[in-house]
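User: Please take a close look at one part of this model, and describe how its inward-facing residues relate to the rest of the chain. I would like one connected account, with the cut-offs behind each term.

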Amino acid sequence: MSYPIDFAQIALVYSDGNRSNKFYNATLLVAPTGMAILIRRWGKAGAPGEMKIERFAIQKKAETEFEKLVQSKIGKGYETKSNDIKQIADESSLRVTLGPAVWPRIPGPDLQHILPSMDVTGRPKELNAPRFSEEGKYLGEPAPRVYSQAEIRAAREAEKAAEQAEAVKTYSSNPHFGRF
């Protein structure tokens, strides 16, 4: 395995004083080979949140993206909760450092990007796509349309009128209608 791994993490929080309490964590893991992954995790405070992982083959690009990301969030009003930089010497320390909210969710190919000889048997092949963007917008299907009572009433009347027109058409085309 290629240890030690350089670890940098910044935890940011945002609260507007009303109902919005959000967190944003950015974690950078860099192997001695220069291979790196950037883990972004965001969501409402107290929830596991969404997660996105990016791979980098060049350490400098990863560090630049990490800094740009942190500055962007601070510019949007996030405040620094914690800032941690250290070296990780083995897999057990990596598990503990990343924690239970992140470690089990990292796909095998992303771990092998920085640790090529790591056994990733049983790990997911890829990360589930986030349901919400980093700005909190829903990324899934659009919300179902809600119809007003007037629209529902008009649709029912149109349906009833169409049925009556079909009945008139059917009966008028049958010259024997009404004869028994």
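Analyst: A residue counts as buried when its relative accessible area is under 20%, as exposed when that area is over 50%, and as partly exposed in between, using a 1.4 Å probe and protein chains only. Helices (H or I, at least four residues) and strands (E, at least two) are DSSP runs, numbered from the N terminus. The model is predicted, and local features need pLDDT of at least 70 while side-chain atom pairs count only at pLDDT 80 or more, although totals for chains, interfaces and linings use all residues. Residues are numbered from 1 along each chain as its sequence is written, and side-chain values use heavy atoms, with hydrogens and water left out.

The part I have chosen is helix H2, residues 91-98, in which Leu 94, Thr 97 and Leu 98 are buried. Around the helix axis these residues cover an arc of only 90°, which puts them on the same side of H2; the arc is that of the directions from the axis to the C-beta atoms. The buried residues of H2 pack against four strands, namely S1 (5-15), S2 (21-30), S3 (36-44) and S5 (79-88), where contact means heavy atoms within 4.5 Å.

Thr 97 is buried at a relative accessible area of 19%. Leaving aside residues up to four places away in sequence, Thr 97 touches Phe 7, Lys 86 and Ile 88. With the same residues left aside, Leu 98 touches Phe 7, Thr 27, Leu 29, Ile 39, Trp 103 and Ile 106. Phe 7 therefore appears in the contact lists of both Thr 97 and Leu 98. Just after H2, Gly 99 takes a positive phi of about 85°. Gly 99 belongs to the loop between H2 and H3 and, at 11% relative accessibility, counts as buried.

The helix also contributes to the largest nonpolar core, a nonpolar core being a set of buried Ala, Val, Leu, Ile, Met, Phe, Trp, Tyr and Cys residues joined through side-chain atoms within 4.5 Å. This core has 20 residues, and those that touch the most other members are Leu 29, Ile 39, Leu 94, Leu 98, Ile 106, Ile 114 and Leu 115. Two or more residues come from each of S1, S3, strand S4 (50-56), H2 and helix H3 (108-114). A second core, separate from this one, has 16 residues, including Ile 10, Ala 36, Phe 56 and Val 70.

Strands S1 and S2, against which the buried residues of H2 pack, also carry aromatic residues that pair elsewhere. Rings of Phe, Tyr and Trp (its six-membered ring) pair if their centres lie within 6.5 Å, and planes under 30 degrees apart count as stacked, over 60 as edge-to-face and the rest as tilted. The whole structure holds three aromatic pairs. One of them joins Tyr 14 and Tyr 78 in a tilted arrangement, with 5.4 Å from centre to centre and 40° between the planes. That pair links distant parts of the chain, as Tyr 14 is in S1 and Tyr 78 in the loop between helix H1 (59-75) and S5, 64 residues apart. Tyr 14 is partly exposed at 22% relative accessible area, whereas Tyr 78 counts as buried at 7%. Tyr 78 also forms an edge-to-face pair with Tyr 24, at 6.4 Å centre to centre and 75° between the planes. Tyr 24 lies in S2, so this pair ties together parts that are 54 residues apart in sequence, and Tyr 24 is buried, with a relative accessible area of 1%. Tyr 14, Tyr 24, Trp 42 and Tyr 78 form one aromatic cluster.

Trp 42 is also among the residues touched by Glu 50. Glu 50 lies in S4 and is buried, with a relative accessible area of 11%.

To place H2 in the whole, the protein chain has four helices and five strands, in the order β-β-β-β-α-β-α-α-α along the sequence. Its radius of gyration, taken over C-alpha atoms, is 28 Å, well over the 16 Å that the globule rule (2.2 Å times the number of residues to the power 0.38) gives for 180 residues, so the chain is more spread out than a compact globule. Of the 180 residues, 33% count as buried.
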